[in-house]
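Trainee: Got a few minutes to go through a model with me? I'd like to poke at its contacts and its surface.

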Amino acid sequence: MNTAVSMNSRKSNATLPAKRENRAWERFKSNRLALISLIIMAALILLALLAPVIAPYDPADQDLMNRLRPPSREHWFGTDDLGRDLLSRVLYGARVSLAVGIFSVLLNVVIGVVVGSLAGYYGGRLDSLLMRFADILLAFPNFFVLITVVTLLRPSLFNIIVVFVVFGWMGKARLLRGQIMSVKNREFVDAARTIGMSDFRIIFVHILPNAIAPVIISATLQMGSMILTESSLSFLGLGIQPPTASWGNLLQSAQSLTIMTKAPWYPFIPGFMIFLTIMCFNFIGDGLRSALDSR
């Protein structure tokens with residue numbers, strides 16, 4: 001009989017996360033802007049992944065006889081100042097810009113989760129050491145540090161992601177540390193310690209699922225910020241270097257007076273893609289905030 005009771009309790013405990021996830025998804029779906037934004041972002045990511053297949057032209061092919069052509073059947077978004085198909089360059093630019101945003105934030109989350117979990121759970125000297133190191137990095141003005149480091153290094157996709165990761169994890173670590181400090185003394189954590197569970201299992205199986213929601217929301221919002229920062233660096237000539245396309249360097253190449261007068265539609269297209277992506281990430285983050293709110 002005791003065995004049957006314990007089996008039933010395990011089954012009921014196993015269904016709790018599923019029920020919680022279902023409730024969160026239902027709350028997220030009720031936010032129409034967040035749901036539409038999620039669909040748009042999924043479509044953008046799919047288009048970026050399929051760019052080598054669906055792009056009508058090679059993004060590096062030049063046709064000087066067809067410079068700054070307006071949108072047409074042959075070139076849906078027109079051509080740039082070197083006759084390259086703008087639609088193809090936007091699709092390939094999406095691969096770069098979205099990769100910067102997504103991979104930078106994912107690595108930031110990994111580092112922030114590890115550092116924040118260790119600092120929040122163990123406290124004491126380890127907490128002081130890790131948080132003081134994070135405070136030192138936070139004390140630097142991020143954008144100027146990024147400009148300095150990228151200038152010293154050779155601008156490339158890898159270097160930009162590395163710089164974003166090195167200077168982007170501190171906020172998540174501090175946020176998660178605070179969450180874990182408020183959770184680690186609850187009854188279910190004490191029960192896990194009592195039955196002899198390892199610290200690793202307690203942190204990453206029992207505490208983290210109850211503390212990670214604010215970090216997920218912060219990460220979603222930061223993706224848009226990373227894409228905007230990369231675009232700003234590329235606009236200044238310090239980001240992804242031509243002929244590799246990114247939305248930022250497409251804007252940078254569109255700032256000449258010739259393009260502004262002869263092809264005013266040109267800067268609108270990459271600018272709109274940056275705007276759309278950032279807005280989608282912001283709406284998704286807002287939807288996640290409502291869906292994951294335990295209240």
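What follows is a chat about helix packing, salt bridges, a few loop residues and a surface patch.

Mentor: Sure, just keep in mind that this is a predicted model.

Trainee: Let's start with packing. At what angle do H5 and H8 pack, and how far apart are their axes?

Mentor: Helix H5 covers residues 124-138 and helix H8 covers 170-183; they pack at about 145 degrees, with the axes 9 Å apart. The contact uses Asp127, Met131, Ala134, Asp135, Leu137 and Leu138 from H5, and Met170, Ala173, Arg174 and Arg177 from H8.

Trainee: And is the crossing left-handed or right-handed?

Mentor: Left-handed, as H5 passes H8.

Trainee: Which side chain does arginine 177 meet in a salt bridge?

Mentor: That would be aspartate 127, at 2.6 Å from N to O. Arginine 177 sits in H8 and aspartate 127 in H5, so this pair ties together parts that are 50 residues apart in sequence.

Trainee: Are those two buried or exposed, or something in between?

Mentor: It's a mixed pair. Aspartate 127 is buried because its relative accessibility is 9%, under the 20% cut-off. Arginine 177, at 24%, counts as partly exposed.

Trainee: What does arginine 132 pair with?

Mentor: Arginine 132 forms a salt bridge with aspartate 135, and the closest N and O atoms are 2.9 Å apart. Both lie in H5, three residues apart, which is about one turn of the helix. Arginine 132 is partly exposed at 46%, and aspartate 135 is partly exposed at 28%.

Trainee: Which residues are joined into one network by salt bridges that share partners?

Mentor: Asp80, Arg84 and Arg89.

Trainee: Back to single pairs, then. What about lysine 29?

Mentor: Its side chain meets that of glutamate 26 in a salt bridge, 3.5 Å from N to O. Those two are three residues apart in helix H1 (residues 2-30), so about one helical turn separates them. Lysine 29 is partly exposed at 33%, as is glutamate 26 at 46%.

Trainee: How many salt bridges does the count come to?

Mentor: Eight.

Trainee: I'm curious about arginine 84. Where is it found?

Mentor: In the loop between H3 and helix H4, the latter being 86-122. Arginine 84 counts as buried, at 8% relative accessibility.

Trainee: What does it touch, skipping residues up to four places away in sequence?

Mentor: Pro59, Ala60, Asp61, Gln62, Gly78, Thr79, Arg89 and Pro243.

Trainee: And aspartate 63, where does that sit?

Mentor: Also in the loop between H3 and H4. At 29%, aspartate 63 is partly exposed. Leaving aside neighbours within four places, aspartate 63 is in contact with Leu82 and Gly83.

Trainee: What's the phi of leucine 68 like?

Mentor: Positive, about 55 degrees, although leucine 68 is not a glycine. Leucine 68 lies in the loop between H3 and H4, and at 13% relative accessible area it is buried.

Trainee: Last topic: the surface. Which residues make the nonpolar patch?

Mentor: Leu46, Leu47, Leu49, Leu50, Val53 and Ile54, for about 560 Å². Helix H2 (32-49) and helix H3 (51-54) are the elements that give two or more residues to it.

Trainee: Which helix gives the largest share?

Mentor: H2, with three residues. Leucine 47 lies in H2, and leucine 47 is partly exposed at 38%.

Notes: Residues numbered from 1 in each chain as written. Predicted model: local features only at pLDDT ≥ 70, side-chain atom pairs only at ≥ 80, totals over all residues. Heavy atoms only, no water. Patch = residues over 30% accessible without salt bridge, like charges linked within 9 Å, V, L, I, M, F, W, Y side chains within 5 Å. Areas by Shrake-Rupley, 256 points an atom, 1.4 Å probe, with all protein chains shown as cover. Salt bridge = Lys/Arg side-chain N within 4 Å of Asp/Glu carboxyl O. Helix = DSSP H or I, 4+ residues; strand = E, 2+ residues; numbered from the N terminus. Buried < 20%, exposed > 50% of the residue type's maximum accessible area, 1.4 Å probe, protein only. Axes fitted to C-alpha atoms, helices over the stretch in contact; angles between N-to-C directions. Left-handed = near helix turned anticlockwise from the far one by under 90°. Contact = heavy atoms within 4.5 Å.
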